Amino acid sequence: MTNEKKVVKGGFRATLALLISIIALVLAIISFNRTVSQTDLNAEVRNIQEKLKEVKRETTERVNKIREETGKAMEKIGKALKKEE
């Protein structure tokens with residue numbers, strides 16, 4: 001009886017396939033986390049845009065109020081100048 005050694009074929013290939021699958025899994029996890037972060041980022045951007053719209057509205061109201069007050073002051077000055085003439 002001869003002692004025959006069984007040679008396992010594909011050992012390197014199996015190891016290589018395992019490493020590639022682990023790398024793919026890590027990349028998938030990273031991509032998933034980025035997607036979740038992107039969603040959070042989009043929510044923050046929407047929130048900031050809403051705040052920006054509110055600030056624009058308030059600024060417009062204040063500028064209009066100042067414009068009206070300035071117009072009234074100019075009318076008073078104009079009337080005062082006409083009275084002096």
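**Questions on a predicted model**

Colleague: What is the relative accessible area of Val26?

Modeller: Val26 counts as partly exposed. That class lies between buried (under 20% relative accessible area) and exposed (over 50%), with a 1.4 Å probe and protein chains only. For Val26 the value is 42%.

Colleague: At what pLDDT do side-chain atom pairs count?

Modeller: Residues are numbered from 1 along each chain as its sequence is written, and side-chain values use heavy atoms, with hydrogens and water left out. This is a predicted model in which totals for chains, interfaces and linings use all residues, local features need pLDDT of at least 70, and side-chain atom pairs count only at pLDDT 80 or more.

Colleague: In which element is Val26 found?

Modeller: Helices (H or I, at least four residues) and strands (E, at least two) are DSSP runs, numbered from the N terminus. The chain has one helix and zero strands. Leu25 lies in that element, at residues 11–84, and Val26 is also found in helix α1.

Colleague: What is the radius of gyration of the chain?

Modeller: The globule rule, 2.2 Å times the number of residues to the power 0.38, is compared with a radius taken over C-alpha atoms. For 85 residues the rule gives 12 Å, and the chain is well over this, so it is more spread out than a compact globule. Along the principal axes, the C-alpha atoms fill a box of roughly 135 × 15 × 10 Å. The radius of gyration is 38 Å.

Colleague: How far apart in space are Leu25 and Ile66?

Modeller: Leu25 is exposed, at 52% relative accessible area. In sequence, Leu25 and Ile66 are 41 residues apart. From C-alpha to C-alpha, their separation in space is 61 Å.

Colleague: Which residue forms salt bridges with both Glu54 and Glu61?

Modeller: A salt bridge is a side-chain nitrogen of Lys or Arg within 4 Å of a carboxyl oxygen of Asp or Glu, and the whole structure holds two. The closest N and O atoms are 2.3 Å apart in the pair with Glu54, and the N to O distance is 2.5 Å in the pair with Glu61. Glu54 lies three residues from its partner in helix α1, about one helical turn away, while Glu61 lies four residues from its partner, also about one helical turn. Shared partners join these residues into one network, and the residue in both bridges is Arg57.

Colleague: What accessible area does the nonpolar patch have together?

Modeller: Patches join residues with over 30% relative accessible area and no salt bridge, like charges within 9 Å and nonpolar side chains (Val, Leu, Ile, Met, Phe, Trp, Tyr) within 5 Å. Areas come from the Shrake-Rupley method with a 1.4 Å probe; for residues, only the protein chains shown count as cover. Leu18, Ile22, Ile23, Val26, Leu27 and Ile30 form the patch, with a joint area of about 550 Å².

Colleague: What share of the residues is buried?

Modeller: The chain exposes about 8800 Å², of which carbon and sulfur atoms supply 62%. Among the 85 residues, the buried share is 0%.
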